[in-house]
Amino acid sequence: MITAFGKTAETFYARAKTLPQRYFVSPEIFAQEQEKIFSAQWVLVGHQSQLAEAGDYFVAEVAGESLIIVRDKGGELHGFYNVCRHRGTRLREDRNGHLPAIQCPYHAWTYALDGRLVGAPHMDDVPGFDKADYSLHRVNLGLWEGFIFVNLAEAGALTSILSQSERRQQDGFVSLEDWFAPLNGKFSHWNMSMLQPAKRSEYDVRANWKLMFENYSECYHCPGVHPQLQKVSPYDSAENDLTEGPFLGGFMKINPGKSLTMSGNACAAFVGKIENLQQVFYYSIFPNMLLSLHPEYVMVHQLWPQSPERTLMVCDWFFHPDAFGRKDFRPEDAIEFWDMTNKQDWHVCELSQQGISSRAYEPGPYSCRESIPAAWDEYYLGQMG
């Protein structure tokens, strides 16, 4: 018998319903999510392949904060608040690039790639001024399977002088290693830390971010919404192996000899020693990562709530580095397939948002094929208190 959250399926499904309307439309709920979830937990901001060389950087927006993610000359990755220690000026306006140092555009205070203040014009004449007191404020940063996560917890001046290990020891802070401990080794066959990106697409979706998680976590909708997907991956083939907590999902079958591409054929060399080439794995990682694991590529979505009724979806496709030089490498075959499928999903999410916003909406019952969305809701409500 299928179980969910330690309860038998029939007991759980008898009471599980979708969330009340306020969770999808309320500005107050949205503000609480930014404070209790996106400002307090580990969130995905990118992949280490985006920072291949010393001096490479990108800017991330997390819970209203602008962050600079950069690789220093020793190869280490750092995250800093995009705020000059002089008069608070925004340091970088562009989204990404390469630089030898971080210099403020206002008064030319200059910081090394590890955040140390190394240049402050005319400040040597100020009594008691010491450059060592004005390093950039750090944000907690860590790597999991090559993906870069940040955590805004323990923000403030103190974090600029604490080491990463010291911050981990502060009360209430969970290190990235501890956070992902339940998944240790689970995805090693996909070699995600060494994969290289082939494409990034961004989608401006007029729907609440939670609807994208719920939609991703079930294929109850696939026969009507995804006819192309349904032809190669039957909607009723799902088996879940993570059914509670912040990590949820499982696998679906792929028809023999087929791949999730427009042509139906494999588009690249396999990412690793995949045990079963007729399976695709889908996992949601709270609060902003959707991880899709295919035999020959990995697709990752980042979710960035913009308002109660709008979400920025950032989608990346990753392939094995050896695939790029092969004659049979056709990444567009997979990218086009999932661009089509993504747009189908975003459209029905927007329709859901429109219906939920109606005075006629009331929570409806989840089906027996929607245990993962129901589990996601339960974990989300726990985080919201």
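**Cysteines, a helix pair and a buried glutamine**

Counting cysteine sulfur pairs within 2.5 Å as disulfides, we arrive at one disulfide here. Please keep in mind as we go that this is a predicted model.

Let us begin with that link. A disulfide is a covalent bond between the sulfur atoms of two cysteines. The partners in this structure are Cys219 and Cys222, whose sulfur atoms lie 1.8 Å apart. If you look along the S-S bond, you will find an angle of -105 degrees, which gives the link of Cys219 and Cys222 a left-handed sense. As for their surroundings, both Cys219 and Cys222 are buried.

What about Cys84? Its closest cysteine sulfur belongs to Cys104, and the separation is 3.8 Å. The limit for a disulfide is 2.5 Å, so the sulfur of Cys84 is too far from that of Cys104 for a bond. Cys84 has a relative accessibility of 3% and therefore counts as buried.

Cys349 can be treated in the same spirit. The closest cysteine sulfur to that of Cys349 is in Cys222, one of the two disulfide partners. Because 12 Å lies between these sulfur atoms, they are too far apart for a bond. Cys349 is also buried, with a relative accessibility of 2%.

Cys349 leads us on to a pair of helices. Two packed helices are described by the angle between their axes and the distance between the axes. Here the pair is helix H6, residues 209-216, and helix H9, residues 331-356. Their axes come within 10 Å and cross at roughly 125 degrees, so H6 is oblique to H9. The crossing of H6 over H9 is right-handed. On the H6 side, the contact is made by Leu211, Met212 and Asn215. H9 contributes Asp345, Trp346, Val348, Cys349, Ser352, Gln353 and Ile356. Sorted by class, the residues in the contact of H6 with H9 are six nonpolar, three polar and one charged.

Our last stop is a loop. Where does Gln41 sit? It is found in the loop between helix H3 (27-38) and strand S3 (43-47). Is Gln41 buried or exposed? The cut-off for buried is under 20% relative accessible area, and Gln41 has 9% relative accessibility, so it counts as buried. Setting aside neighbours within four places in sequence, the residues in contact with Gln41 are Lys36, Val150, Asn151, Trp179, Phe286 and Gln383.

Conventions. Residues numbered from 1 in each chain as written. Predicted model: local features only at pLDDT ≥ 70, side-chain atom pairs only at ≥ 80, totals over all residues. Heavy atoms only, no water. Buried < 20%, exposed > 50% of the residue type's maximum accessible area, 1.4 Å probe, protein only. Axes fitted to C-alpha atoms, helices over the stretch in contact; angles between N-to-C directions. Helix = DSSP H or I, 4+ residues; strand = E, 2+ residues; numbered from the N terminus. Parallel < 35°, antiparallel > 145°, perpendicular 65-115°, else oblique. Left-handed = near helix turned anticlockwise from the far one by under 90°. Contact = heavy atoms within 4.5 Å. Nonpolar A, V, L, I, M, F, W, Y, C, P; charged D, E, K, R; others polar.
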